[in-house]
Amino acid sequence: MLIDSHAHTTDTKFDTDRNEVLNRAFANGLEYIIEVGCEPPFWDKVAELSKNEKIYSMFGLHPQDADKFNDELFDKLKTLLNDKKCVAVGEIGLDYHYENYDGKLQKEVFIKQINLALEINKPICVHCRDAYDDMVEIFKSFTGLPKGVIHCFSGSFEQAKVVLDMGFLIGIDGPSTYPKSNKLTKVIENVPLDKILVETDCPYLAPQKYRGTRNEPAYVVEVAKKIAEVKNVSFEEVCETTFANTLKLYNIK
């Protein structure tokens, strides 16, 4: 019993075999997939895919697309977020990884989307790369925050503890299985299992067993195995607990 809590199967890398990929995931024990629409050209495709009874959606504007933000786009986002299969605002956040990023604009768009999540009472899925301090500063500026997850967490346990204390969960992905993932291993060791979600972020970040190939939802099993190994608990316990964590966070009945 597993959920891939963060997938991008509407990506063009799946255009030739999307149905086979989804069927393989469900055949390998996944109950649900949460499909992420964070680029406007893919929003309609995500909404269509989520008509599948085993697929839920989330919508947001990725920080790398902050310059696309306008009133018309924001209105469409509001409409999509009110869809009955939509469980969250995401992925949204900050990304300072590439040169020439506009941090000021990213912050503005991030804050607007947090406020929107509060307005519609839905959780947020947060993308944060090379921008941890600014993310935390933004969170501290709110008197109340939505529930949420720091997706594809890549920080230290000390950083994880700060966002855990703010009420966020931690998303663990394929990089946790890499040989040099000592920092993430410490995060997994110390973060309580009931505060963890398992994700693929496919088609990116394939686990070590499939590294260098296209990632897919079925491979979330490898992430769950790694968590079980590090925490010295059963694979079944990891599956059951992260499954329950995801249902609770995203209000999936």
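Okay, let's start with one residue: Asp130 sits in the loop between S5 and H5. Before I go on, please keep in mind that this is a predicted model. What is odd about the backbone of Asp130? Its phi is positive, about 55°, although Asp130 is not a glycine. And is Asp130 buried or exposed? Asp130 is exposed, with a relative accessible area of 53%.

There's a second residue of that kind to put beside it. Cys152, which is not a glycine either, has a positive phi near 50°. You'll find Cys152 in the loop between S6 and H6. Here the surroundings are another story: Cys152 has 18% relative accessibility and so counts as buried, since the cut-off for buried is under 20%.

While we're on the backbone, let me show you the cis peptide bonds. One joins Gly90 and Glu91, with omega at about -5°, and Glu91 belongs to strand S4. Another runs from Cys202 to Pro203, and there omega is near 15°. Pro203 is in a loop, the one between strand S8 (196–198) and helix H8 (220–231).

Okay, let's zoom out. How many helices and strands does the protein chain have? Nine helices and eight strands. The radius of gyration is 17 Å, close to the 18 Å that the globule rule gives for 253 residues, so the chain is as compact as a globular protein of that length. If you lay the C-alpha trace along its principal axes, it spans about 45 × 40 × 35 Å. Of the 253 residues, 58% are buried. Now take the contacts between residues at least 6 apart in sequence: 72% of those join residues at least 24 apart.

A quick word on the outside. The chain exposes about 11,600 Å², and carbon and sulfur atoms supply 47% of that. As for charges, there are 31 positive and 40 negative ones, and their mean positions are 3 Å apart.

Now for the inside. The largest nonpolar core has 67 residues, and the ones touching the most other members are Phe110, Ile124, Met135, Phe139, Ile170, Ile172 and Ile227. Which element gives the most to this core? That's H8, with seven residues. Apart from this core lies another one, of 17 residues, and it includes Tyr32, Met58, Leu169 and Tyr250.

Let's stay with Phe110 for a moment. Leaving out residues up to four places away in sequence, Phe110 touches Ile92, Gly93, Leu94, Val126, Met135, Ile138 and Phe139. Some of those names take us to helix H5, which covers residues 132–140. The buried residues of H5 are Tyr132, Asp134, Met135, Val136, Ile138 and Phe139. A reminder that helps when you look at that list: an α-helix has 3.6 residues a turn, so residues three or four places apart point the same way. And what do the buried residues of H5 pack against? Quite a list: strand S4 (86–95), helix H4 (103–120), strand S5 (124–129), strand S6 (148–150), helix H6 (157–165) and strand S7 (168–172).

Last stop: a few places where the chain comes back to itself. Glu53 is in the loop between helix H2 (43–49) and strand S3 (55–59), and it is exposed, with a relative accessible area of 65%. Exposed or not, Glu53 has contacts: it touches Tyr32 and Lys85, again not counting residues up to four places away in sequence. Tyr32, you may remember, is one of the members of that 17-residue core. From Glu53 to Ile33 is 20 residues in sequence, and 9.9 Å in space, C-alpha to C-alpha.

Then there's Lys84, in the loop between helix H3 (71–81) and S4. Lys84 is exposed too, at a relative accessible area of 78%. Its C-alpha is 9.0 Å from that of Tyr56, with the two positions 28 residues apart in sequence numbering.

And one more pair to finish. How far apart are Ala244 and Ile3 in sequence, and how far in space? In sequence they are 241 residues apart, while in space the C-alpha to C-alpha distance is 9.4 Å. Ala244 is in helix H9, residues 235–249, and it is partly exposed, with a relative accessible area of 39%.

That's my tour, thanks for listening.

Technical notes:
Residues numbered from 1 in each chain as written. Predicted model: local features only at pLDDT ≥ 70, side-chain atom pairs only at ≥ 80, totals over all residues. Heavy atoms only, no water. Buried < 20%, exposed > 50% of the residue type's maximum accessible area, 1.4 Å probe, protein only. Helix = DSSP H or I, 4+ residues; strand = E, 2+ residues; numbered from the N terminus. Contact = heavy atoms within 4.5 Å. Rg over C-alpha atoms; globule rule 2.2 N^0.38 Å. Areas by Shrake-Rupley, 256 points an atom, 1.4 Å probe, with all protein chains shown as cover. Lys, Arg positive; Asp, Glu negative; His and termini not counted. Charge placed at Lys NZ, Arg CZ, Asp CG, Glu CD. Core = buried A, V, L, I, M, F, W, Y, C linked by side-chain atoms within 4.5 Å.
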